[in-house]
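Biologist: I'd like to learn how to read a predicted model, one feature at a time. Could you give me the general idea first and then the case at hand?

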Amino acid sequence: PDKAAIRFPPGQRVKKFGKEGTEEYKINLQSYRNWTIQSLVTITKRFIVSLQENLHCFPPSVSWLVRQIFCLLKKSNIIQEKEMFAISTDLVLTHFICPAIVNPEPYGITDAPISYIARFNLIQVAQILQMLAMRRYEGVDAKVEDLYSQFDKNSVASLLDAMLEGNTLSEEPLIAEDVRHQGLARSAALLTKAELHNLVSFLQTVANDQSENSNKTYQKELGGLMSDLPPQAANGHTKTVKRQPSSSKGKRHLC
């Protein structure tokens with residue numbers, strides 16, 4: 001909200017707020033700031049309610065992973081609860097939910113064009129959600145207290161509490177029977193070619209591990225799953241045939 005006026009070119013800024021430094025400018029800018037805050041509060045609350053209502057759709061494997069990390073950190077007793085919660089917040093919001101809010105097109109959330117102003121607003125929403133997640137442990141700058149005071153301090157933190165509920169280590173994530181596939185919890189995944197090759201290489205390393213700590217049962221199961229991969233994918237790269245450059249001696253080339 002403090003940078004609201006920067007969004008306007010100098011000429012339009014003067015037309016909308018008046019000459020900078022005057023009383024008229026201060027009054028108009030404050031009025032616009034109040035309007036911006038109310039708009040951000042309304043939009044962000046919609047996102048929070050939507051997240052609360054659809055928390056059951058959050059990938060159980062990711063939720064399980066975050067819970068395991070939190071439990072391991074708690075069991076180690078080397079960092080405070082605030083830091084453990086901050087790590088969980090980064091995993092869930094900073095690296096999972098907020099990127100989809102700011103840039104929803106690659107995730108198939110919307111195919112409608114997003115304007116510069118709409119994108120700017122989405123960035124603001126993502127930042128507010130991250131700040132609200134840590135509101136239980138951290139205060140906010142006095143300049144934006146009028147914004148964050150309109151939210152429940154636990155509105156976003158409660159989402160993480162629901163994921164971390166139980167605080168117990170378990171061997172594998174609980175997956176509903178109606179979405180369980182033989183050997184896999186998902187029938188499809190979105191990966192780049194490089195990421196896919198890295199994943200296959202990693203799984204091959206695990207499957208071929210001959211150390212004493214390796215689990216032969218899991219290795220056999222993993223080997224069976226990977227046996228269905230095509231040869232080039234199983235090797236972690238696509239086979240290419242090297243061709244010897246043909247001699248140009250005695251041949252004519254058209255220019």
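Biologist: Let's start with H4 and H7: are they roughly parallel or roughly perpendicular to each other?

Modeller: Two packed helices are described by an angle and a distance, both taken between their axes. Here the axes of H4 and helix H7 (residues 157–164) are 11 Å apart, at an angle of about 95°. H4 and H7 are therefore roughly perpendicular to each other (under 35 degrees is roughly parallel, over 145 roughly antiparallel, 65 to 115 roughly perpendicular, the rest oblique). An axis is a line fitted to C-alpha atoms over the stretch in contact, and the angle, from 0 to 180 degrees, is between N-to-C directions. Helices themselves are DSSP runs (H or I, at least four residues; strands are E, at least two), numbered from the N terminus.

Modeller: Before going on: this is a predicted model, so local features need pLDDT of at least 70 and side-chain atom pairs count only at pLDDT 80 or more, while totals for chains, interfaces and linings use all residues. Residues are numbered from 1 along each chain as its sequence is written, and side-chain values use heavy atoms, with hydrogens and water left out.

Biologist: Which residues make the contact of H4 with H7?

Modeller: Contact means heavy atoms within 4.5 Å. On the H4 side you'll find Phe-85, Ser-88, Thr-89 and Val-92, and H7 brings Ala-157, Leu-160, Asp-161, Met-163 and Leu-164. By class that gives 6 nonpolar, 2 polar and 1 charged residues (Ala, Val, Leu, Ile, Met, Phe, Trp, Tyr, Cys and Pro are nonpolar; Asp, Glu, Lys and Arg are charged; the others, Gly among them, are polar).

Biologist: Phe-85, Ala-157 and Asp-161 sound like handy landmarks. What touches them from the loop between H5 and helix H6 (145–148)?

Modeller: Arg-136, which lies in that loop. Leaving out residues up to four places away in sequence, Arg-136 touches Phe-85, Lys-153, Asn-154, Ala-157, Ser-158 and Asp-161. Its C-alpha is 9.8 Å from that of Val-156, 20 residues apart along the chain. Arg-136 is partly exposed, with a relative accessible area of 33% (buried is under 20%, exposed over 50%, partly exposed in between, with a 1.4 Å probe and protein chains only).

Biologist: At what angle do H1 and H2 cross?

Modeller: Roughly 95°, and the axes of helix H1 (residues 10–17) and H2 come within 9 Å. That makes H1 roughly perpendicular to H2. Arg-13, Lys-16 and Phe-17 of H1 meet Glu-24, Tyr-25, Asn-28, Leu-29 and Tyr-32 of H2. This contact has 4 nonpolar, 1 polar and 3 charged residues.

Biologist: What does Lys-16 touch, if I skip residues up to four places away in sequence?

Modeller: Phe-8, Asn-28 and Tyr-32. Lys-16 and Tyr-32 are 16 residues apart in sequence, with 9.6 Å between their C-alpha atoms. Lys-16 is partly exposed, at a relative accessible area of 39%.

Biologist: Now H2 and H5: is their crossing left-handed or right-handed?

Modeller: Right-handed, which means that the near helix is turned clockwise from the far one by less than a right angle, whereas anticlockwise would be left-handed. Helix H2 (residues 23–53) and helix H5 (residues 116–133) pack at about 65°, their axes 10 Å apart. The residues in contact include Leu-40, Ile-43 and Phe-47 of H2 and Val-125, Ile-128 and Leu-132 of H5. The contact divides into 10 nonpolar, 3 polar and no charged residues.

Biologist: What is unusual about the phi of Asn-77?

Modeller: Most residues other than glycine have a negative phi. Asn-77 has a positive one, about 60°, although it is not a glycine. Asn-77 sits in the loop between helix H3 (60–76) and helix H4 (81–102), and is exposed, with a relative accessible area of 66%.

Biologist: And how many helices and strands does the chain have?

Modeller: There are 10 helices and 0 strands. Of its 255 residues, 27% count as buried. Among contacts with a separation of 6 or more, 64% are between residues 24 or more positions apart.
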